[in-house]
Amino acid sequence: MRIIPIYIISLVFLFSCSSNDDEINNPQSLYPEFGSEIEVVINGLSFDAMEPFIAPDGNYLFFNNLNDGINTRLYYATKVNDSTFNLAGELTGANQTTPPHLDAVADMDVNGSFYWTSTRNYPTELNNLFHGTFSSGSIRDIERVQGDFNRNTPGWLIMDHGISLDGQYLYFNNARFDDLNCQGPCETTIGIAQKDNGATFSTLPNSASILQNINDSNYIYYAPCISSDNLELYYTRYLKGEITSSTVLEICVAVRNDPTSEFSIPSVLFSETILNLIEAPTLTVDKNIMYYHQKTADSHKIMMRYRI
């Protein structure tokens with residue numbers, strides 16, 4: 001979720017099971033590679049498409065419209081083929097009705113447990129990550145996600161998130177905003193929380209050490225996406241500081257050899273200046289396709305690449 005001015009926005013799984021020491025010490029041998037960019041066609045769509053999420057079964061593509069925090073809403077489309085979908089409409093139950101509002105950044109596990117960020121009753125209630133159950137284009141049994149990862153401090157938000165395929169691990173993205181002193185988020189942190197029950201998660205005791213090669217105070221980072229086997233963590237980042245036309249946004253990946261060890265130093269997969277920004281990667285369960293969004297001349301569109 002990018003709750004920041006639109007000019008900033010418009011700027012803002014098993015790959016190897018080897019236990020070979022060389023691979024452990026040189027994670028470059030595990031980094032995935034992807035081919036050329038392909039534009040995704042969503043039949044019936046006449047507005048921006050941002051923050052895509054491909055459902056575990058591959059049949060639904062979730063996304064939100066322009067992330068301006070004024071009338072940001074969640075939508076879904078049904079699959080025709082890998083690069084073509086038909087717009088089905090708004091995601092019933094997920095969206096607020098009275099602007100200004102933001103409902104964005106879809107995420108779902110294999111059991112249909114659906115997560116998204118929302119400004120419902122904010123700032124009266126500060127925990128802004130929500131959970132429900134997806135079925136046939138609707139979200140029901142809506143509730144706030146509880147846990148110690150919620151800062152519950154004015155200015156701090158769950159900006160983004162990524163749920164593991166089995167629903168047991170939440171990759172949360174804390175972000176601090178201060179419009180008077182910062183352009184976009186002032187600082188961000190990614191952490192990992194484990195499900196206690198229902199919609200309650202607790203931060204792993206070793207979350208910081210698992211992510212020590214990723215959390216870097218020199219960067220603003222967001223949009224975490226964990227692969228189906230928990231071995232590859234994708235996210236977006238840019239250097240902290242003044243945002244200009246030269247600011248570069250990067251889609252990165254960090255890898256590991258088993259689901260409990262720390263992630264490697266990240267590798268930059270793709271990068272673009274803010275005028276053609278790329279953000280928010282999401283992977284199919286088989287890890288063969290990555291979807292993300294990119295700013296084009298007249299809108300934000302969803303793109304894809306095949307793994308090679």
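# A chat about a predicted model

The model is predicted, with a mean pLDDT of 91 for the protein, and 91% of its residues reach 70 or more.

Colleague: Over which residues is the pLDDT below 50?

Modeller: One stretch does fall that low, and in the model it has 71 contacts beyond near neighbours in sequence. Where pLDDT is low, the predicted coordinates should not be read in detail, so go easy on those contacts. The stretch to treat that way is residues 3–25.

Colleague: Let's talk cysteines. Which two form a disulfide?

Modeller: A disulfide is a covalent bond between the sulfur atoms of two cysteines. The structure holds one disulfide. Its sulfur atoms are 2.0 Å apart, under the 2.5 Å cut-off. The pair is Cys 182 and Cys 186.

Colleague: And why is the disulfide of Cys 182 and Cys 186 called right-handed?

Modeller: That comes from the twist about the S-S bond joining Cys 182 and Cys 186. The disulfide is right-handed because this torsion is about 115°.

Colleague: Is Cys 186 buried or exposed?

Modeller: Start with its partner: Cys 182 has a relative accessible area of 21% and is partly exposed. For Cys 186 the relative accessible area is 8%. Buried means under 20%, so Cys 186 is buried.

Colleague: How far is Cys 225 from the nearest cysteine sulfur?

Modeller: Cys 225 is in no disulfide, and the nearest cysteine sulfur is that of Cys 252. Looking from the other end, Cys 252 is in no disulfide either, and its nearest cysteine sulfur is that of Cys 225. A disulfide needs sulfur atoms within 2.5 Å, but the distance here is 13 Å.

Colleague: What is the relative accessibility of Cys 252?

Modeller: Take Cys 225 before that: at 9% relative accessibility, it counts as buried. Cys 252 also counts as buried, and its relative accessibility is 0%.

Colleague: Moving one residue along, which strand holds Val 253?

Modeller: Val 253 is buried, with a relative accessible area of 0%. Leaving aside neighbours within four places in sequence, Val 253 is in contact with nine residues if you read down the list, including Tyr 31, Pro 32, Tyr 234 and Leu 269. The strand that holds Val 253 covers residues 248–255, and its label is E19.

Colleague: How far apart in space are Val 253 and Trp 116?

Modeller: Along the sequence, Val 253 and Trp 116 are 137 residues apart. Going C-alpha to C-alpha, the separation in space is 22 Å.

Colleague: Is Ala 280 buried or exposed, and how far is its C-alpha from that of Leu 66?

Modeller: Ala 280 sits in strand E21, residues 278–283. Its relative accessible area is 6%, so Ala 280 is buried. Ala 280 and Leu 66 are 214 residues apart along the chain, and their C-alpha atoms are separated by 14 Å.

Colleague: Which strand gives the most to the lining of the second largest cavity?

Modeller: That cavity has a volume of about 40 Å³. Among its lining residues are Leu 126, Asn 150, Trp 156, Leu 157, Ile 158 and Asn 174. By class, the lining has four nonpolar, five polar and one charged residues. With three residues, the strand giving the most is E13, residues 156–163.

Colleague: What about odd backbone geometry: where is Pro 100, and what is the peptide bond from Pro 99 to Pro 100?

Modeller: Most peptide bonds are trans. Pro 100 lies in the loop between strand E7 (84–90) and strand E8 (101–108). With omega near 0°, the bond from Pro 99 to Pro 100 is cis.

Colleague: What is omega for the peptide bond from Tyr 122 to Pro 123?

Modeller: Pro 123 is in the loop between strand E9 (113–118) and strand E10 (129–135). The bond from Tyr 122 to Pro 123 is cis, with omega near 10°.

Colleague: What is phi of Val 105?

Modeller: Most residues other than glycine have a negative phi. Val 105, in strand E8, is buried with a relative accessible area of 7%. Its phi is positive, near 65°.

Colleague: And is Asp 141 buried or exposed?

Modeller: Asp 141 lies in strand E11, residues 138–144, and has a positive phi near 55°. Its relative accessibility is 51%, and exposed means over 50%, so Asp 141 counts as exposed.

Conventions
Residues are numbered from 1 along each chain as its sequence is written. This is a predicted model: local features need pLDDT of at least 70, side-chain atom pairs count only at pLDDT 80 or more; totals for chains, interfaces and linings use all residues. Side-chain values use heavy atoms; hydrogens and water are left out. Buried means under 20% relative accessible area, exposed over 50%, partly exposed in between (1.4 Å probe, protein chains only). Helices (H or I, at least four residues) and strands (E, at least two) are DSSP runs, numbered from the N terminus. Contact means heavy atoms within 4.5 Å. On a 1 Å grid over the protein atoms alone, a cavity is a set of points where a 1.4 Å probe fits but cannot get out, and a pocket is an open set with protein on both sides within 12 Å along at least five of seven lines; lining residues have an atom within 4 Å of a point. Grid points are joined across faces, edges and corners, and a volume is the space filled by probe spheres set on the points. Ala, Val, Leu, Ile, Met, Phe, Trp, Tyr, Cys and Pro count as nonpolar, Asp, Glu, Lys and Arg as charged, and the others, Gly among them, as polar. pLDDT is the predictor's confidence in each residue, from 0 to 100.
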